[in-house]
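Reader: Please show me the sequence with its structure, and then let us go through the surroundings of the ligands one at a time.

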Amino acid sequence: MVNRMKTQVGIIGGGPSGLLLSQLLHRRGIDTILLEKHTREHVLGRIRAGVLEHGFCELMREAGVGTRMDREGADHHGINIAHDGRLHRIDLHGLTGGKTVKVYGQTELTRDLYEARDAMGEVVIHEAGNVLPHDLTTDAPFLTWERNGETFRADCEFIVGADGYHGVSRAAIPRDVLREYEKIYPFGWLGVLSRTKPVSDELIYSSHERGFALCSLRNPRLSRYYIQVPLADRAEGWSDDAFWAELKRRLPAEVAGRLETGPSIEKSIAPLRSYVAEPMRHGRLFLAGDAAHIVPPTGAKGLNSAASDIHYLYHALIDHFERGDNTGIERYSDRALARVWKAQRFSWWMTNLLHLFPDEPPYAQRLQRVEMEYLLSSDAARTSLAENYVGLPF
Ligand code: APR
Ligand code: PHB
C-alpha cells in the first residue's frame, strides 16, 4: 500500500537550501514537504564554512530566523592577504561603500532553521529512503520515498532538488538535456577546528611557497584553520602537531608567533572542485544549491551561491502562487545561472591566486605572482576583490 499525500512544493534535501526555502514559503502560507535522507544529528554534524553575504543574512531575516545570527554572528569589515611574509588588509567596508560579511557557522544557521521549523510545528521527514521525483514534464509531478518499510507518495505542483552534489534530483534531468561543466584542482584543504582563541579577528588568506593556508574562526573561542595538502593525503596521517607546525610555516612570523594551538575537535580533508549543471530547471523540477553547482571554498561562495538560488526561486514561486505570474519560473534557470557563474569565476580566480600549483610551467607561476603584486598595488583590483567577496547584488 502506498501512503498518499499532497503538497504545493515538494523539496528534496534538508540542508541549508531546502530548509531556508521551505521556511520562507511557509511564512507566505505555501505548503511544502521536506524530505531528508539522514538524521538531524547527521546534518548538524557536518562542519562547513561560515562567511555570509548580506543577501544571505537578509533571506534568513525574511525567513524569521535572523535573531541569533544577528546576535552571535560577527560583522567583518575586512580580510587579510598574507604574501611574502607580510599582511595586506583588504578593507571590504571602505572599498564597497559600507558593505561587510557576517561570520556565522553553517552548522549554527542550519540548527536555527531546524528550530524555527519545530516552533512552527512543521516536520522534516528524516531518513527518507529511495526518494525519487516523477513526471517532471507533466502538470502533475510527484515524489515517492520509503520509510520504516512503507512507501509514500506526495503529489506536488513543483519539486525542488536541494539535495546537494550527491543527490538524486540532478540525475532526473535527461542526459541529452543536462550540460555539465567541471574543473578539478590538484589538491585539497585539510581543515582543523579547535577550541582556541583565533589568531586574528579577521580572516587571513595566506599565499606561501609551501602552499596556501587560511585562518578563520567561528567565535572568540573557536578557530577554524586550513592548509592546502596533496590529494593523496589522509586526515588520519596528519597529527595535530604536524598540522600546527605546517600552518605556522605558511604564516608571517609575527602571526605564527601568536598562534594559540590546542587539540583538534574536527579534522578532515576536502577536495577542491568547480562544477555547474545547466539548466537549473527541467519542467516542474528546480535545482538549487550544491545540487546544481560546487565551488572551491577559497572565496567562501558555496553557501552564498545556494542562497542566491533560493532568493530567485522563492520570488518565482511567490509570484506564481500569489499572482499567477510565471515569468520568474520561466526565467529561474537563466537568472540563477548568471549569478552562479560570477561566483564560479571569483572562486576560480581566488583559488588560482592563492594556491601552489607545482606542476604549472614557469610562465604561469610568474603570472600568478604578478597577479598578486597587481592586486596589492591597485585600488581597482582590490575593489574588484572586495565587491565579489561581500557578494554581488541578486
Ligand atoms: N534524498 C533526500 N535527501 C538527500 C538525498 C536524497 N537522495 N541526497 C542528499 N540529500 C540531503 C543530504 O543529506 C543533505 O542534508 O540533501 C542535503 C543537501 O544539503 P547540502 O549538501 O548542504 O546542500 P545545500 O543545502 O545546497 O547547501 C549549500 O553550501 O557551503 C556550501 O556545500 C556547502 O552544504 C553547503 C552548501
Ligand atoms: C571557514 O571559516 O570555514 C571558511 C572561511 C572562508 C573561506 C572558506 C572557509 O573562504
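Author: The model is predicted, so local features need pLDDT of at least 70 and side-chain atom pairs count only at pLDDT 80 or more, while totals for chains, interfaces and linings use all residues. Residues are numbered from 1 along each chain as its sequence is written, chains are lettered from A and ligands numbered from 1 in the order in which they are written, and side-chain values use heavy atoms, with hydrogens and water left out.

Reader: How many residues surround ligand 2?

Author: A residue is taken as near a molecule if one of its heavy atoms lies within 4 Å of it. Tyr 205, Ser 216, Arg 218, Tyr 226 and Pro 297 are the closest to ligand 2, and the full number around this ligand is 13.

Reader: Which residue has a polar side-chain atom 2.5 Å from an oxygen atom of ligand 2?

Author: A polar contact here is a pair of N or O atoms within 3.5 Å. The side chains of Tyr 205 and Arg 218 each place an N or O atom 2.7 Å from an oxygen atom of ligand 2. The distance of 2.5 Å belongs to Ser 216.

Reader: How much of the accessible area of ligand 2 does the protein cover?

Author: Accessible areas come from the Shrake-Rupley method with a 1.4 Å probe. On its own, ligand 2 has 280 Å² of such area, and the share covered by the protein is 99%.

Reader: Which element gives the largest share of the shell around ligand 2?

Author: Helices (H or I, at least four residues) and strands (E, at least two) are DSSP runs numbered from the N terminus. Two or more residues of this shell come from each of β15 (213-219) and β16 (222-229). The largest share, three residues, is that of β15.

Reader: Turning to ligand 1, which residue has a polar side-chain atom 2.4 Å from an oxygen atom of this ligand?

Author: Of the 25 residues around ligand 1, those that come nearest are Ser 17, Glu 36, Arg 46, Arg 48 and Asp 290. An N or O atom in the side chain of Glu 36 is 2.6 Å from a ligand oxygen, and for Gln 106 the corresponding distance is 3.0 Å. The distance of 2.4 Å is that of Asp 290.

Reader: How much of the area that ligand 1 exposes when taken alone does the protein bury?

Author: Taken alone, ligand 1 exposes 710 Å², of which the protein buries 90%.
The helices also contribute to this shell, with at least two residues each from α1 (16-27) and α9 (302-323). The area buried by the protein is, again, 90%.

Conventions: A polar contact is a pair of N or O atoms within 3.5 Å; within protein, one must be able to donate a hydrogen and the other to accept it, and residues adjacent in sequence count only if both atoms are side-chain atoms.
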